[in-house]
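Good morning, colleagues. Please have the sequence and the structure in view while I speak.

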Amino acid sequence: MTVKNTSVSVIKVGNEDFLSLTDIARFKSDEPNAVIANWLRNRNTIESLGIWESLYTPNFKPLEFEGFKKEAGLNAFTLSPSKWIESTGAIGIVSKSGRYGGTYAHKDIAFKFASWISVEFELYVAKEFQRLKEEEQKLLGWSVKRELSKLNYHIHTDAIKQNLIPPELTAKQKSFVYAEEADVLNVALFGITAKEWREENPDLKGNIRDYATINQLICLSNLENLNAVFIQKGMEQSERLTELNKIAIQQMKVLEAVEDRKLLK
């Protein structure tokens with residue numbers, strides 16, 4: 001993420017977000033390691049890190065921590081991130097090498113470090129991090145719904161295979177049946193076939209479903225399950241299309257209404 005013209009890397013350590021202290025320090029100086037070293041010399045910093053580790057690190061070594069805390073602030077006291085990690089078993093700060101190398105810290109610690117550098121900068125970091133997480137959740141939600149749609153697609157195609165495709169059909173003929181049934185869902189939900197969509201959007205890659213909204217993917221997932229049930233019941237295609245279209249309209253109204261209520265809140 002970019003904060004006041006400063007790029008700040010964010011990585012995953014386990015399931016937690018860690019921000020680059022090295023990048024944050026560059027907001028203050030061209031020598032980020034020196035900034036981090038000065039921060040670690042501070043007694044308040046050591047106390048804060050020790051409390052955090054005591055809360056979240058089962059194997060944190062309190063005796064080593066107490067030793068650092070007693071020395072912190074003295075003229076001769078120095079402490080590097082690697083020495084803190086190795087001596088105390090701390091997990092809130094990590095040192096990485098390679099392309100994304102540098103010193104990283106759990107977001108709780110990183111925000112405190114940013115505040116030590118500049119209260120204003122810390123507020124911008126927190127705001128940009130929140131925006132980043134919101135975007136991440138949107139992408140995650142879309143991905144989950146897309147995968148759900150793919151799983152239900154197999155339920156749908158199995159119903160077609162068992163009920164609509166005689167065994168004597170060739171592979172090419174079978175593909176026509178699958179495509180035709182996929183278009184039943186496309187027309188019911190989008191009002192257009194896959195071929196018609198491609199003709200209207202020649203410059204876009206993928207297919208109509210790749211450009212669906214999360215609400216449309218939720219609805220499509222439901223329609224695939226329902227169409228599989230309708231096929232097994234022996235309903236004619238035209239009857240299924242009419243029924244699926246009615247359901248799609250009703251479900252999209254409900255989903256959009258829920259979305260509107262969230263926006264109002």
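How much space lies in the second largest pocket? In this model, which is predicted, the second largest pocket holds about 220 Å³ of space. Its lining consists of Trp39, Asn42, Asn44, Thr45, Ser48, Leu49, Ile51, Trp52, Asp108, Ile109, Lys112 and Trp116. Two elements, helix H3 (43-56) and helix H6 (107-117), each give two or more residues to that lining. Helix H3 gives the most, with six residues. Sorted by class, the lining has six nonpolar, four polar and two charged residues.

Allow me to stay with one lining residue, Ile51. Isoleucine 51 lies in helix H3. Is isoleucine 51 buried or exposed? Its relative accessible area is 55%, and the cut-off for exposed is over 50%, so isoleucine 51 counts as exposed. Together with Leu55 and Tyr56, Ile51 makes a nonpolar surface patch of about 360 Å². Ile51 therefore appears both in the lining of the pocket and in a surface patch, as is consistent with its exposed state.

I turn now to the charged pairs. How many salt bridges does the structure hold? The structure holds 10, and I shall present three of the pairs.

In the first I present, glutamate 16 is bridged to lysine 107, with 3.8 Å between the closest N and O atoms. Glutamate 16 lies in strand E4 (residues 16-20) and lysine 107 in helix H6, so this pair ties together parts that are 91 residues apart in sequence. Both partners are classed as partly exposed: glutamate 16 has a relative accessible area of 35%, and lysine 107 has 23%.

The next pair joins glutamate 128 and arginine 131, at 2.6 Å from N to O. Both residues lie in helix H7 (residues 119-163), three residues apart, which is about one turn of the helix. Glutamate 128 is buried, at 17% relative accessible area, whereas arginine 131 is partly exposed, at 39%.

The last pair I present is glutamate 224 with arginine 209, whose side chains meet in a salt bridge at 3.2 Å, N to O. Glutamate 224 is in helix H10 (residues 214-232), while arginine 209 is in the loop between helix H9 (194-200) and H10; the pair, 15 residues apart, links distant parts of the chain. Are these two residues buried or exposed? Both glutamate 224 and arginine 209 are buried.

Finally, I draw your attention to a network of salt bridges that links Lys12, Asp17 and Lys133.

Methods
Residues are numbered from 1 along each chain as its sequence is written. This is a predicted model: local features need pLDDT of at least 70, side-chain atom pairs count only at pLDDT 80 or more; totals for chains, interfaces and linings use all residues. Side-chain values use heavy atoms; hydrogens and water are left out. On a 1 Å grid over the protein atoms alone, a cavity is a set of points where a 1.4 Å probe fits but cannot get out, and a pocket is an open set with protein on both sides within 12 Å along at least five of seven lines; lining residues have an atom within 4 Å of a point. Grid points are joined across faces, edges and corners, and a volume is the space filled by probe spheres set on the points. Helices (H or I, at least four residues) and strands (E, at least two) are DSSP runs, numbered from the N terminus. Ala, Val, Leu, Ile, Met, Phe, Trp, Tyr, Cys and Pro count as nonpolar, Asp, Glu, Lys and Arg as charged, and the others, Gly among them, as polar. Patches are made of residues with over 30% relative accessible area and no salt bridge: like charges are joined within 9 Å, nonpolar side chains (Val, Leu, Ile, Met, Phe, Trp, Tyr) within 5 Å. Accessible areas come from the Shrake-Rupley method with a 1.4 Å probe; for residues, only the protein chains shown count as cover. A salt bridge is a side-chain nitrogen of Lys or Arg within 4 Å of a carboxyl oxygen of Asp or Glu. Buried means under 20% relative accessible area, exposed over 50%, partly exposed in between (1.4 Å probe, protein chains only).
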